[in-house]
Amino acid sequence: MAVIHTPFGRAYEDFHVGDILMHWPGRTITDADDAFFSLLAMNQHPLHIDAHYASKTQFKQNLVNGTLVFAIGVGLTVNDISGAAIAMLEYENVKHLGPTFHGDTLYARTKILDKWESKSKPDRGVVYV
């Protein structure tokens, strides 16, 4: 029997400008995920944790905390993007384009926009996604 080691994340050489990586599996957000995250983050807005309150809003149901959506989105990319990285250096632009509800499943994709070797650390590279 062969033992196969699958590395966690990709090396600099594995990234190619223009590639689009589809991250799998997705992640379905439960009401418990949203309640725990909202309370841990001290975001006690009733839209996230009070179904009765949320039922009287334009959405008619709880909305998932946007920061949780962002965190899960980043988490979905780790195995393919930052698993072997030294650091995730920056998030340039974050937009909430629509609501996310309990029971919704998130998927992520990443486009490799550019890459270059580090000027200050010659044994490293920067991948811009």
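This report describes the fold, the helix H4, the loop that follows it and some backbone features of a predicted protein model.

## Overall fold

The protein chain contains four helices and four strands. Read from the N terminus, these elements follow the order β-α-α-α-α-β-β-β. Contacts across the sequence are prominent in the count: among contacts with a separation of 6 or more, 69% join residues 24 or more positions apart.

The radius of gyration of the protein chain is 18 Å, whereas a compact globule of 129 residues would have a value near 14 Å. Along the principal axes, the C-alpha trace extends over about 55 × 45 × 25 Å.

## Surface and charge

Of the 129 residues in the protein chain, 23% count as buried. The chain exposes about 9,400 Å², and carbon and sulfur atoms supply 57% of that area.

The charged side chains comprise 11 positive and 14 negative ones. The centres of these two sets lie 4 Å apart.

## Helix H4 and its cover

Helix H4 takes in residues 66–77, twelve residues in total. The distance from its first C-alpha to its last is 17 Å, close to the 16 Å expected at 1.5 Å a residue.

The buried residues of H4 are Leu-68, Ile-72, Val-74, Leu-76 and Thr-77. The elements that cover these buried residues include strand E1 (20–28), helix H1 (31–40) and strand E2 (105–111).

## The loop between H4 and E2

Thr-100 is located in the loop between H4 and E2. With a relative accessible area of 12%, Thr-100 falls under the 20% limit and is therefore buried. Apart from its neighbours within four places in sequence, Thr-100 is in contact with Ile-29, Asn-62, Leu-63, Val-64, Val-69 and Leu-106. One of these partners, Val-69, has a number within the range 66–77 of H4; another, Leu-106, has a number within the range 105–111 of E2.

Gly-103 also has its place in the loop between H4 and E2. Its relative accessible area is 48%, so Gly-103 is classed as partly exposed. When neighbours within four places in sequence are left aside, Gly-103 is in contact with Thr-28 and Ile-29. Gly-103 and Ile-29 are 74 residues apart along the chain, yet their C-alpha atoms are separated by 5.4 Å. Ile-29 thus appears among the contacts of Thr-100 and also among those of Gly-103.

## Backbone features

A cis peptide bond joins Trp-24 and Pro-25, with omega at about 0°. Pro-25 is found in strand E1, one of the elements that cover the buried residues of H4.

Two residues other than glycine have a positive phi: Met-42, with a value near 65°, and Lys-60, also with a value near 65°. Met-42 lies in the loop between H1 and helix H2 (46–49). The relative accessibility of Met-42 is 66%, so this residue counts as exposed. Lys-60 has its place in the loop between helix H3 (51–55) and H4. Lys-60 is exposed as well, because its relative accessible area of 58% is over the 50% limit.

Note on methods
Residues numbered from 1 in each chain as written. Predicted model: local features only at pLDDT ≥ 70, side-chain atom pairs only at ≥ 80, totals over all residues. Heavy atoms only, no water. Helix = DSSP H or I, 4+ residues; strand = E, 2+ residues; numbered from the N terminus. Rg over C-alpha atoms; globule rule 2.2 N^0.38 Å. Buried < 20%, exposed > 50% of the residue type's maximum accessible area, 1.4 Å probe, protein only. Contact = heavy atoms within 4.5 Å. Areas by Shrake-Rupley, 256 points an atom, 1.4 Å probe, with all protein chains shown as cover. Lys, Arg positive; Asp, Glu negative; His and termini not counted. Charge placed at Lys NZ, Arg CZ, Asp CG, Glu CD. Expected span 1.5 Å × (residues − 1).
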